[in-house]
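Here's a quick tour for anyone meeting this structure for the first time. Have a look at the picture, then read on.

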Amino acid sequence: MIIPVTCAIILFEGKVLATQRSESMNLPGLWEFPGGKVESGESPEDCLHREIKEELNIKIDLWDRWDFSEHSYQPGKTIQLIPFLASYKAGELILSEHAAFRWLGLSELFEVNWAQADIPIVQELSRKWESIQKNY
Ligand SMILES: Nc1nc2c([nH]c(=O)n2[C@H]2C[C@H](O)[C@@H](COP(=O)(O)OP(=O)(O)OP(=O)(O)O)O2)c(=O)[nH]1
(Lines give C-alpha, C1' and ligand atoms only; values in the text may rest on other atoms or scores of the structure.)
Protein backbone atom coordinates (compact mmCIF):
# COMPACT_ATOMS: atom_id res chain seq x y z
CA MET A 1 0.00 0.00 0.00
CA ILE A 2 1.30 3.46 -0.93
CA ILE A 3 0.10 6.34 1.23
CA PRO A 4 0.48 9.81 -0.33
CA VAL A 5 1.44 12.43 2.26
CA THR A 6 2.07 16.08 1.45
CA CYS A 7 4.54 18.25 3.33
CA ALA A 8 5.42 21.94 3.19
CA ILE A 9 8.96 23.30 3.27
CA ILE A 10 7.91 26.67 4.69
CA LEU A 11 10.45 29.47 4.31
CA PHE A 12 10.46 32.73 6.24
CA GLU A 13 13.25 35.25 6.70
CA GLY A 14 15.99 32.86 5.62
CA LYS A 15 14.85 29.94 7.76
CA VAL A 16 12.73 26.84 7.30
CA LEU A 17 10.03 25.50 9.61
CA ALA A 18 10.45 22.07 11.21
CA THR A 19 7.83 20.54 13.51
CA GLN A 20 8.26 17.76 16.05
CA ARG A 21 5.71 14.92 16.12
CA SER A 22 4.06 14.52 19.52
CA GLU A 23 3.51 11.42 21.67
CA SER A 24 -0.04 11.05 20.31
CA MET A 25 1.19 10.82 16.69
CA ASN A 26 2.97 8.04 14.77
CA LEU A 27 6.77 8.40 14.87
CA PRO A 28 6.69 10.38 18.15
CA GLY A 29 9.56 12.77 18.79
CA LEU A 30 10.75 12.81 15.18
CA TRP A 31 10.93 16.05 13.20
CA GLU A 32 9.16 16.63 9.90
CA PHE A 33 7.86 19.19 7.48
CA PRO A 34 4.23 19.78 8.45
CA GLY A 35 1.49 18.30 6.27
CA GLY A 36 -0.52 15.09 6.20
CA LYS A 37 -2.25 12.34 4.31
CA VAL A 38 -4.01 13.22 1.06
CA GLU A 39 -7.71 12.40 1.32
CA SER A 40 -9.54 10.75 -1.57
CA GLY A 41 -10.59 13.25 -4.24
CA GLU A 42 -8.31 15.92 -2.81
CA SER A 43 -5.40 17.52 -4.69
CA PRO A 44 -2.02 17.55 -2.93
CA GLU A 45 -2.20 21.37 -2.92
CA ASP A 46 -5.65 21.45 -1.27
CA CYS A 47 -4.49 18.84 1.23
CA LEU A 48 -1.51 20.96 2.21
CA HIS A 49 -3.48 24.18 2.69
CA ARG A 50 -6.00 22.25 4.83
CA GLU A 51 -3.38 20.46 6.93
CA ILE A 52 -1.29 23.59 7.53
CA LYS A 53 -4.35 25.54 8.66
CA GLU A 54 -5.42 22.66 10.97
CA GLU A 55 -1.98 21.94 12.42
CA LEU A 56 -0.39 25.38 12.57
CA ASN A 57 -3.18 27.95 12.16
CA ILE A 58 -1.24 29.74 9.42
CA LYS A 59 -1.64 30.41 5.72
CA ILE A 60 1.09 29.67 3.21
CA ASP A 61 1.80 30.24 -0.46
CA LEU A 62 2.88 27.17 -2.40
CA TRP A 63 5.68 27.38 -4.96
CA ASP A 64 7.46 24.40 -6.54
CA ARG A 65 6.49 20.78 -6.10
CA TRP A 66 9.58 18.60 -5.62
CA ASP A 67 10.04 14.91 -6.41
CA PHE A 68 8.55 12.64 -3.80
CA SER A 69 10.53 10.60 -1.30
CA GLU A 70 9.35 7.09 -0.47
CA HIS A 71 9.99 5.20 2.74
CA SER A 72 8.52 2.03 4.29
CA TYR A 73 8.31 2.30 8.07
CA GLN A 74 6.41 -1.02 8.14
CA PRO A 75 6.44 -3.85 5.62
CA GLY A 76 3.73 -3.41 3.02
CA LYS A 77 3.08 0.23 3.91
CA THR A 78 5.01 2.89 2.02
CA ILE A 79 4.79 6.60 2.70
CA GLN A 80 5.09 8.66 -0.47
CA LEU A 81 6.11 12.06 0.84
CA ILE A 82 5.31 14.87 -1.64
CA PRO A 83 7.17 18.10 -0.77
CA PHE A 84 6.19 21.60 -1.80
CA LEU A 85 8.38 24.64 -1.39
CA ALA A 86 6.25 27.24 0.37
CA SER A 87 6.42 30.58 2.09
CA TYR A 88 4.68 31.85 5.20
CA LYS A 89 1.83 34.21 4.32
CA ALA A 90 -0.29 35.08 7.37
CA GLY A 91 -1.50 34.09 10.81
CA GLU A 92 -0.04 33.41 14.25
CA LEU A 93 1.65 30.02 14.47
CA ILE A 94 -0.27 27.93 17.04
CA LEU A 95 0.48 24.20 17.30
CA SER A 96 -2.58 21.94 17.59
CA GLU A 97 -0.92 18.50 17.21
CA HIS A 98 2.84 18.86 17.28
CA ALA A 99 5.05 18.98 20.37
CA ALA A 100 7.36 21.75 19.18
CA PHE A 101 8.56 23.76 16.22
CA ARG A 102 11.86 25.33 15.18
CA TRP A 103 12.87 27.76 12.45
CA LEU A 104 16.13 26.30 11.16
CA GLY A 105 18.90 28.05 9.25
CA LEU A 106 21.18 26.21 6.82
CA SER A 107 23.76 25.33 9.50
CA GLU A 108 21.03 23.97 11.78
CA LEU A 109 19.26 21.75 9.24
CA PHE A 110 20.72 18.51 10.57
CA GLU A 111 20.47 19.38 14.28
CA VAL A 112 17.05 17.75 14.60
CA ASN A 113 16.18 14.07 14.32
CA TRP A 114 14.23 13.96 11.04
CA ALA A 115 11.76 11.21 10.12
CA GLN A 116 13.44 8.85 7.62
CA ALA A 117 11.27 9.88 4.66
CA ASP A 118 12.33 13.51 5.14
CA ILE A 119 16.07 12.94 4.97
CA PRO A 120 16.44 13.04 1.14
CA ILE A 121 14.28 16.19 1.11
CA VAL A 122 16.42 17.88 3.77
CA GLN A 123 19.53 16.95 1.75
CA GLU A 124 18.01 18.46 -1.38
CA LEU A 125 17.06 21.58 0.57
CA SER A 126 20.60 21.88 1.86
CA ARG A 127 22.05 21.58 -1.68
CA LYS A 128 19.64 24.15 -3.13
CA TRP A 129 19.60 26.49 -0.11
CA GLU A 130 21.50 29.46 -1.59
CA SER A 131 19.55 29.57 -4.86
CA ILE A 132 16.24 29.12 -3.02
CA GLN A 133 17.00 32.04 -0.71
CA LYS A 134 17.68 34.26 -3.74
CA ASN A 135 14.36 33.37 -5.38
CA TYR A 136 11.85 33.38 -2.52
N1 LIG B 1 3.04 15.26 7.70
C2 LIG B 1 4.18 14.60 7.52
N3 LIG B 1 4.18 13.26 7.70
C4 LIG B 1 5.34 12.63 7.52
C5 LIG B 1 6.53 13.31 7.17
N6 LIG B 1 7.54 12.42 7.08
C7 LIG B 1 7.01 11.20 7.33
O8 LIG B 1 7.61 10.14 7.34
N9 LIG B 1 5.67 11.33 7.61
C10 LIG B 1 4.78 10.22 7.92
C11 LIG B 1 4.28 10.21 9.33
C12 LIG B 1 2.93 9.54 9.22
O13 LIG B 1 3.15 8.13 9.21
C14 LIG B 1 2.46 9.97 7.83
C15 LIG B 1 1.57 11.19 7.86
O16 LIG B 1 0.49 10.98 8.66
P17 LIG B 1 -0.14 12.11 9.58
O18 LIG B 1 -0.61 11.42 10.80
O19 LIG B 1 0.80 13.26 9.76
O20 LIG B 1 -1.27 12.62 8.65
P21 LIG B 1 -2.78 12.79 8.98
O22 LIG B 1 -2.91 13.77 10.13
O23 LIG B 1 -3.45 13.12 7.68
O24 LIG B 1 -3.15 11.30 9.42
P25 LIG B 1 -4.27 10.72 10.36
O26 LIG B 1 -3.84 11.08 11.76
O27 LIG B 1 -5.54 11.34 9.92
O28 LIG B 1 -4.16 9.23 10.08
O29 LIG B 1 3.63 10.29 7.09
C30 LIG B 1 6.50 14.71 7.00
O31 LIG B 1 7.50 15.38 6.69
N32 LIG B 1 5.30 15.31 7.19
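Before we get going, a word on terms: strands here are DSSP runs of E, at least two residues long, and they are numbered from the N terminus. One more thing to keep in mind is that this is a predicted model.

With that in hand, let's start at the ligand. Which strand gives the largest share of the shell around the ligand? That would be S4, with three residues. S4 covers residues 35-37, and it is joined by S1 (2-12) and S7 (77-90) in supplying at least two shell residues each. Altogether, 16 residues surround the ligand, and the closest are Glu32, Gly36, Lys37, Ala115 and Ala117. As for their character, the shell is made up of 10 nonpolar, three polar and three charged residues.

Now zoom out to the whole chain. It has two helices and eight strands, which come along the sequence in the order β-β-β-β-α-β-β-β-β-α. Its radius of gyration matches what the globule rule gives closely, so the chain is as compact as a globular protein of that length. Here are the overall figures side by side:

| Property of the chain | Value |
|---|---|
| Radius of gyration | 14 Å |
| Globule rule for 136 residues | 14 Å |
| Box filled by the C-alpha atoms, along the principal axes | roughly 40 × 30 × 30 Å |

Of the 136 residues, 28% count as buried. Looking at contacts with a separation of 6 or more, 69% are between residues 24 or more positions apart.

What about the inside? The largest nonpolar core holds 28 residues, and Ala8, Ile9, Ile10, Val16, Leu81 and Ala86 touch the most other members. S1, S2 (15-20), H1 (44-56), S7 and H2 (119-135) each give two or more residues to this core, with S7 providing the largest share, seven residues. Take Val16 as an example: leaving out residues up to four places away in sequence, Val16 touches Ile9, Ile10, Leu11, Leu104 and Leu125.

Is Gln116 buried or exposed? Neither label quite fits: Gln116 has 14 other C-beta atoms within 10 Å, so it is partly exposed. You'll find Gln116 in the loop between S8 (100-104) and H2. The C-alpha atoms of Gln116 and Glu45 are separated by 23 Å, and the two residues are 71 residues apart along the chain.

Finally, the record: an unreviewed UniProt entry places the feature "domain: Nudix hydrolase" at residues 1-128. That span is 18% helix and 42% strand, and its end C-alpha atoms lie 31 Å apart.

Terms used: Residues numbered from 1 in each chain as written. Predicted model: local features only at pLDDT ≥ 70, side-chain atom pairs only at ≥ 80, totals over all residues. Near = placed C-beta within 6 Å. Helix = DSSP H or I, 4+ residues; strand = E, 2+ residues; numbered from the N terminus. Nonpolar A, V, L, I, M, F, W, Y, C, P; charged D, E, K, R; others polar. Core = buried A, V, L, I, M, F, W, Y, C linked by C-beta atoms within 7 Å. Buried ≥ 20, exposed ≤ 12 C-beta atoms within 10 Å, placed from the backbone. Contact = placed C-beta atoms within 7 Å. UniProt positions renumbered as here; feature names shortened; annotations may be inferred. Rg over C-alpha atoms; globule rule 2.2 N^0.38 Å.
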